[in-house]
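Please have the sequence and the model open side by side. The text below walks through a few parts of the fold in turn.

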Amino acid sequence: MKNLQNQRVLIIGGSNGMGLATAQRLAALGAEVIIAGRNQARLDEALKHIDSKAGAYTADFSDEASLTRLFTRLGHVDHLIITASSSAAWGSIRDIDGAALAKAFEQKALGYWRAIRAALPHLRKDGSITLLSGAASRVAIAGTAGLAAVNGAITQMGQALAKELAPIRVNVVSPGLIDTPVYDDFSPEAKSGLFENITKGLHVGRAGTSEEVAQAIEFVVTNGFTAGALIDIDGGAR
Ligand SMILES: NC(=O)c1ccc[n+]([C@@H]2O[C@H](COP(=O)([O-])OP(=O)(O)OC[C@H]3O[C@@H](n4cnc5c(N)ncnc54)[C@H](OP(=O)(O)O)[C@@H]3O)[C@@H](O)[C@H]2O)c1
């Protein structure tokens with residue numbers, strides 16, 4: 001197991017949900033955690049919930065200049081974790097036109113791609129990259145083809161990058177339904193309908209928590225023999 005003392009971890013998407021839970025967990029293990037997201041107020045609020053040595057920078061991974069500024073300010077990074085999300089591809093193919101799907105790729109898959117490219121000159125060779133994909137790309141669920149396409153791109157790029165960027169360890173964590181603030185935009189009825197519908201088919205009969213995903217992210221970051229792995233944290237969705 002790698003010790004996280006004196007290790008700098010950058011979490012793009014660390015101001016909310018699974019990214020924030022990961023920031024809390026890795027900071028508690030002694031890492032210097034930097035969280036990045038677009039909204040300064042959200043970053044400031046998140047920092048209040050993370051132990052000591054944490055820092056925050058605004059950055060938008062859909063904007064290359066913003067990523068370059070982020071890494072120039074940071075200097076070196078030991079571990080890059082990308083948890084930022086996009087909801088643009090939610091819905092059935094009848095509702096998601098080509099422009100909406102392109103936006104979803106732009107917001108999530110290309111954002112991950114740009115962030116990795118910007119990080120490379122700054123990443124330590126014995127460090128790691130952790131990408132978050134999603135269960136829609138791992139199990140056939142009607143109405144999630146757009147999510148499957150976008151998250152499938154991340155799953156597949158992660159596998160190839162693990163080989164291409166070695167010895168930097170690249171791993172993918174694929175969450176199932178996780179109760180994070182991403183569902184705050186839903187009406188209570190829509191959220192409970194969605195959760196009921198999905199969780200009734202799960203072995204564990206409930207949605208996951210951000211902390212359960214953060215535990216898996218900690219594992220791939222700290223286990224030096226884990227590279228090119230794809231870990232499903234999905235309550236048995238597959
Ligand atoms: N929750 C689920 O059920 C679920 C299921 C399967 C897969 N996933 C995937 O798991 C990951 C984590 O999901 P989550 O629910 O924890 O997400 P979340 O609560 O929506 O948090 C997303 C984080 O990403 C940041 N972000 C969004 N767009 C960004 C951008 N363009 N540049 C930089 N930061 C950006 C957000 O901050 P700002 O808005 O301030 O930028 C926020 O900190 C995502 O990749 C998601 O697609 C989630």
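What follows goes from the strands to the loops beside them, then to a pair of helices and two backbone details. The model is a predicted one.

Begin with strand β1, residues 8-12. Strand β1 runs parallel to β2, and five bridges join the two. One place to see this pairing is Arg-8, which stands opposite Glu-32 in β2. Strand β2 covers residues 32-37, and five of its six residues are buried, so the rest of the structure largely encloses β2.

Strand β1 also pairs with β4, again in the parallel sense, over four bridges. Here Ile-11 has Ile-81 in β4 as its bridge partner. How many of the six residues of β4 are buried? Six of the six are, so β4 too is largely enclosed by the rest of the structure. Strand β4 in turn is joined to strand β5, residues 123-132, by five bridges, and these two strands run parallel. The bridge partner of His-79 in β5 is Ser-128. Strand β1 is thus paired with β2 and with β4, while β4 is also paired with β5.

Now look at the loops that follow two of these strands. Gly-13 lies in the loop between β1 and α1, the helix of residues 17-28. Its relative accessibility is 16%; because a residue under 20% counts as buried, Gly-13 is classed as buried. Leaving aside residues up to four places away in sequence, Gly-13 touches Gly-19, Leu-20, Ala-36, Thr-83 and Ala-84. As for Ala-237, Gly-13 is 224 residues from it in sequence and 24 Å from it in space, C-alpha to C-alpha.

One of the residues touched by Gly-13, Thr-83, belongs to another loop, the one between β4 (77-82) and α4 (98-119). Is Thr-83 buried or exposed? At 14% relative accessibility, Thr-83 counts as buried. The side chain of Thr-83 reaches the backbone oxygen of Gly-13 at 3.1 Å. With residues up to four places away in sequence again not counted, the contacts of Thr-83 include Ile-11, Ile-12 and Gly-14 as well as Gly-13. Gly-19, Tyr-112 and Leu-132 are also among the residues that Thr-83 touches.

Next come the helices. Two packed helices are described by the angle between their axes and the distance between the axes. For helix α3, residues 64-74, and α4, the axes come within 9 Å and cross at roughly 35°. The crossing of these two helices, α3 and α4, is right-handed. In the contact, Glu-64, Leu-67 and Phe-71 from α3 meet Arg-114, Ala-115, Ala-118 and Ala-119 from α4. Sorted by class, the contact of α3 with α4 has five nonpolar residues, two charged ones and no polar ones.

Two backbone details remain. Asn-6 lies in the segment before β1. Phi of Asn-6 is near 65°, a positive value in a residue other than glycine. In contrast to the two loop residues described above, which are buried at 16% and 14%, Asn-6 counts as exposed, with 70% relative accessibility.

The other detail is a peptide bond. Where does Pro-167 lie? Pro-167 is in the loop between α5 (145-164) and β6 (169-175). The peptide bond that leads from Ala-166 to Pro-167 is cis, with omega near 15°.

Methods:
Residues numbered from 1 in each chain as written. Predicted model: local features only at pLDDT ≥ 70, side-chain atom pairs only at ≥ 80, totals over all residues. Heavy atoms only, no water. Buried < 20%, exposed > 50% of the residue type's maximum accessible area, 1.4 Å probe, protein only. Polar contact = N/O pair within 3.5 Å; in protein donor to acceptor, adjacent residues only side chain to side chain. Contact = heavy atoms within 4.5 Å. Axes fitted to C-alpha atoms, helices over the stretch in contact; angles between N-to-C directions. Left-handed = near helix turned anticlockwise from the far one by under 90°. Nonpolar A, V, L, I, M, F, W, Y, C, P; charged D, E, K, R; others polar. Pairing = 2+ DSSP bridges.
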